[in-house]
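User: Please take a close look at a single part of this model, and go through it in one connected answer. I would like to start from one side chain and work outwards.

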Amino acid sequence: EVTVRRNLFTSGVEAYFPVVVTGDMIRCSKPDPEIFLLAAQKLGAAPARSLVLEDSYNGVRAGHAGGFITVMVPDILGPDDEIRRLYTRCCASLSEVLALLQAGELG
């Protein structure tokens, strides 16, 4: 957690992250949804109204398992048939995600 907070501070974006949840705060890693559920709980947010933005298969699996709006922006591996069934949307870029959010098309 300390490293993440330092990186957010150094980058000048810490004000945009009122809650920080890291792997050392949970028992089970992805594809278990524990990290996303803990973050939602700390934010007071309902999973069904919260966005999980992921680039990995296990991240998509975790978002889906937790009942989140799950958007994949593939990095190395594009989605396969299993992952296509799990995500809400797949976007080619973060700019595409932003456009969908601004248009009210996610959630």
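Analyst: **Phe68 and its surroundings**

Phe68 is buried, at a relative accessible area of 8% (buried is under 20%, exposed over 50%, partly exposed in between, with a 1.4 Å probe and protein chains only). This is a predicted model, in which local features need pLDDT of at least 70 and side-chain atom pairs count only at pLDDT 80 or more, while totals for chains, interfaces and linings use all residues. Residues are numbered from 1 along each chain as its sequence is written, and side-chain values use heavy atoms, with hydrogens and water left out.

The structure holds 1 aromatic pair. Its partners are Phe36 and Phe68, arranged edge-to-face, with 6.0 Å from centre to centre and 65° between the planes. For such pairs, ring centres of Phe, Tyr and Trp (its six-membered ring) must lie within 6.5 Å; planes under 30 degrees apart count as stacked, over 60 as edge-to-face and the rest as tilted. Phe36 belongs to helix H2, whereas Phe68 sits in the loop between helix H3 (57-65) and strand E2 (69-72), so the pair ties together parts that are 32 residues apart in sequence. Helices (H or I, at least four residues) and strands (E, at least two) are DSSP runs, numbered from the N terminus.

Phe36 is also buried, at 15% relative accessibility. Beyond its neighbours within four places in sequence, Phe36 contacts Lys30, Val52, Glu54, Gly59, Ala62, Gly63 and Phe68, where contact means heavy atoms within 4.5 Å.

Both rings are part of the largest nonpolar core, which has 9 residues: Val21, Ile26, Ile35, Phe36, Leu38, Ala40, Val52, Ala62 and Phe68. Helix H2 (residues 34-43) gives the largest share of this core, 4 residues. A nonpolar core is a set of buried Ala, Val, Leu, Ile, Met, Phe, Trp, Tyr and Cys residues joined through side-chain atoms within 4.5 Å.

In H2, the buried residues are Ile35, Phe36, Leu38 and Ala40, and they pack against E1 and H3. After H2 comes Gly44, with a positive phi near 70°.

Another phenylalanine, Phe17, is placed in the loop between helix H1 (2-11) and H2. Phe17 counts as partly exposed, at 41% relative accessibility. The C-alpha atoms of Phe17 and Arg5 are 9.3 Å apart, with their places 12 residues apart in sequence.
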